[in-house]
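Reader: I've got this one open on my screen and I'd like a proper look at a single corner of it rather than a grand tour. Could you pick one sheet and its surroundings, and talk me through what sits next to what?

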Amino acid sequence: MSSTYKFKAETHKVLNILTHSLYTNREIFLRELLSNASDALDKLRFKQNKGESILAPELPLEIKISTDKESNILTVQDTGIGMTKQEMQDNLGIIAKSGSEKFLKDIGDTSCDSGKQKIDPYAEEEIVEKQEGAGADASQIIGRFGIGFYSVFMVADKVEVYSVPAIESVKEESEAKAHVWTSHGSDTFTITPLEEVAGLVRGTMIKIYLKDDAKEFIEEYRLENIIRRHSNFLPFSILLNDKVINTISALWREPKFNIKKEQYDEFYKFLTYDTENPFDVIHLSVDAPVQFNALLFIPEKSEDYFLEQKDQWGLDLYVRRVLIEKNRQELLPNYFAFVKGVVDTEDLPLNISRETLQENIVLKKISQTIVRQLMSHFEKMAAQDKEKYNTFWNKHGKYFKFAFNDFVYRDRVAKLMRFVSSGSEELLSLEEYVSRMKAGQKDIWYVSASSKEAAKLNPHMERFTRKGLEVLYLLEPVEEIALESLQKFNEYTFKNIETADARALDDFADVEKAESDLPKLSDLEKTEFEQMLERMKEVLGDKVKDVKSTDRLSGSPACMASQDGVSSTMEKLMRSFQKDDSIPQKVLEVNPDHALIRSLLTIYKDDSRSGLFEEMVWGIFDNTVLLDGYMNDPFLMAQRSLKLMEKAGQWYADLRNK
Ligand SMILES: Nc1ncnc2c1ncn2[C@@H]1O[C@H](COP(=O)(O)OP(=O)(O)OP(=O)(O)O)[C@@H](O)[C@H]1O
């Protein structure tokens, strides 16, 4: 005899809310049913481990899904603990009453409250690692809220839950062997006793009569896809029409000492579709300040997370092995965009899509803990295996260096940054640079350039080479921004060589001889030279701010200098933000002891108005601008240089023919 019951609480309204607004994505109904099935199997295993006798112990612990296309019925079945009539009434009849929560309370596991604990977002708590091997079976139980089951009514017109309890002792003596709970998702449900259920020896079988607009969920490929996406890591086999779908285990939950490198490699490839093994693996099991397990990988290859892969980073967030979201970006700061992996916590509810403040705080805490652990990991690597760390830096330093922007870590990041320099072929840390500084040196010198070769050719480098002062080569604009923002390393100030004033290096003796063998200019020639500079300024007009003599150069005839202390890279960056591609007005500094300038002086003295003089001045200007990193009128530049060559060729021919 079947009995009809009214749902407790205003079920109809609540069901409406649950099925229409709680979940934005209908496919998660399967995730909820699979999580319940997994919980039922976990509970059974727990009881069995305690020595309780169970029905049909020879049956495997597994979940079976089958489809009946003709009648549009989807069946989800488990060999778990099952439900008595009373349990059906309580657990499926009262919304927001969780049998799983009660189960955990009954066995004295308090972890079910962890999602509600108060977490202080600002406290810097000590990170407590989980004891290996700790954690009873029960902590795996997923359900907490007693609402997941009802999501099935998003896709079903009618649901039948058949159940055969696995433990005889829990049911009333007079009670039938099995029961079926039936509801249309409206105000009532019925429970009918049964002598037996075909195909169900133990556990629960849920028959879902799909709505007309939910027929897609009868398709095998669709179901397989959903299982893989959300429930791949449940600890029991899931069979879809007799084929096992979840073949890889939730490695992050296993004790580290049990895991072999090959398992990490296999998991990484499964997770990322990468064909190579990962460069490094970091496996975290943390109990406090929040509970979580994480399996993090550093890939071999670096990808473009700034442009192409803009949204393709972040960690996959799981709650008790059930996927909540892929690529959850709040879990990592963007300077760790290259880190791949999964995070699994027991401190969040499954239905995290209803983001509340408390949930965000948990995420924030997890993220902070991960960042702290990663920082320590890289510090350890840098200290213990320099070569490995340098390889890491070459692969992923272009993202990691952005961490200078994180005020919590900027000093630690400064120590972890690596550079190329004028004094070493190998990567160099700031500590190493400082240890090699000259006596009395108070500044850490750097130059920005597009490549090492370009840095070496920078005319401003000449004085530093002459004095034997090491200069860091910054090959990406962000490095200059980082150093400008850090300002100092220990007590040493970062300075750009382009902005070093003429006297800044006087305290250091030359270690190399200046290149020029030319005799010094006489007083008369000095005056003529000064006049020539005036004339040069006249020729170049508003292309330059001024033309001046300099003693900072040896191998180059001239260089560009900004007077206001802004380096050329910074200037370029600022201009690119303003979309300004004109050449900035700078001071052209001219080396009086360079052979080319001496020839120019001769031409000037001969005829200060000659066309040749003007063409040479433009030629020198073009080259200096080019070395400064600008070239916005290549046609004009090429034309001028061709004209000069034409003249030089003509002279040569004239001389030969004389
Ligand atoms: N396959 C099953 N076998 C045994 N008991 C089940 C099964 N499915 C559901 N139940 C019982 O019904 C209860 C309610 O399930 P429901 O999915 O609504 O909530 P929950 O799993 O407890 O929590 P959550 O809302 O977090 O999913 C469960 O706690 C469990 O006691």
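Author: Start with M560, which stands opposite L588 in β24. These two belong to an antiparallel pairing of β23 and strand β24 (residues 586-590), held by four bridges. Bear in mind that this is a predicted model, with residues numbered from 1 along each chain as its sequence is written. Local features need pLDDT of at least 70 and side-chain atom pairs 80 or more, totals for chains, interfaces and linings use all residues, and side-chain values use heavy atoms without hydrogens or water. Strands (E, at least two residues) and helices (H or I, at least four) are DSSP runs counted from the N terminus, and strands pair when DSSP finds at least two bridges between them.

Zoom out a little and you get an open sheet of three strands, ordered β22-β24-β23, with mixed pairing. β22 (544-549) and β23 are the edge strands with a single partner each, so each has one side without a neighbour in the sheet. On average, neighbouring strands here are turned by 25 degrees against each other, ignoring direction. Helix α14 (residues 523-540) packs on this sheet and touches β22 and β24, where contact means heavy atoms within 4.5 Å. The direction of α14 makes about 160 degrees with that of β22; such angles run from 0 to 180 degrees between N-to-C directions of lines fitted to C-alpha atoms, for helices over the stretch in contact. Then there's α17, which lies across β22, β23 and β24 and runs at about 55 degrees to β23.

M560 also turns up in the lining of the largest cavity, along with N458, P459, H460, C559, T624, L627 and D628. The elements giving two or more residues to that lining are β23 (558-561) and α17 (611-627). Its volume is about 50 Å³, and the count of cavities of 30 Å³ or more is two. A cavity here is a set of points on a 1 Å grid over the protein atoms alone where a 1.4 Å probe fits but can't get out, and lining residues have an atom within 4 Å of a point; points join across faces, edges and corners, and the volume is the space filled by probe spheres set on them.

For contrast, look at another sheet. This open one has six strands in the order β17-β16-β19-β18-β21-β20, again with mixed pairing. β17 (424-428) and β20 are at its edges, each with a single partner strand, so one side of each lacks a neighbour in the sheet. At one end, strand β16 (residues 419-421) and β17 pair antiparallel over two bridges, and S421 stands opposite S424 in β17. At the other, strand β20 (residues 488-489) joins β21 antiparallel through two bridges, with F489 opposite Y492 in β21. β20 and β21 make a hairpin with two residues between them, and N490 in that turn has a positive phi of about 50 degrees. Strand β18 (residues 443-448), meanwhile, runs parallel to β21 over four bridges, and W445 stands opposite K495 in β21.

Side chains alternate along strand β21 (residues 492-496): Y492, F494 and N496 point to one face and are buried, while T493 and K495 point to the other and aren't; buried means under 20% relative accessible area with a 1.4 Å probe, protein chains only. Finally, helix α13 (residues 477-486) lies across β16, β18, β19 (472-474), β20 and β21, at about 120 degrees to β19.

Technical notes:
Buried means under 20% relative accessible area, exposed over 50%, partly exposed in between (1.4 Å probe, protein chains only). On a 1 Å grid over the protein atoms alone, a cavity is a set of points where a 1.4 Å probe fits but cannot get out, and a pocket is an open set with protein on both sides within 12 Å along at least five of seven lines; lining residues have an atom within 4 Å of a point.
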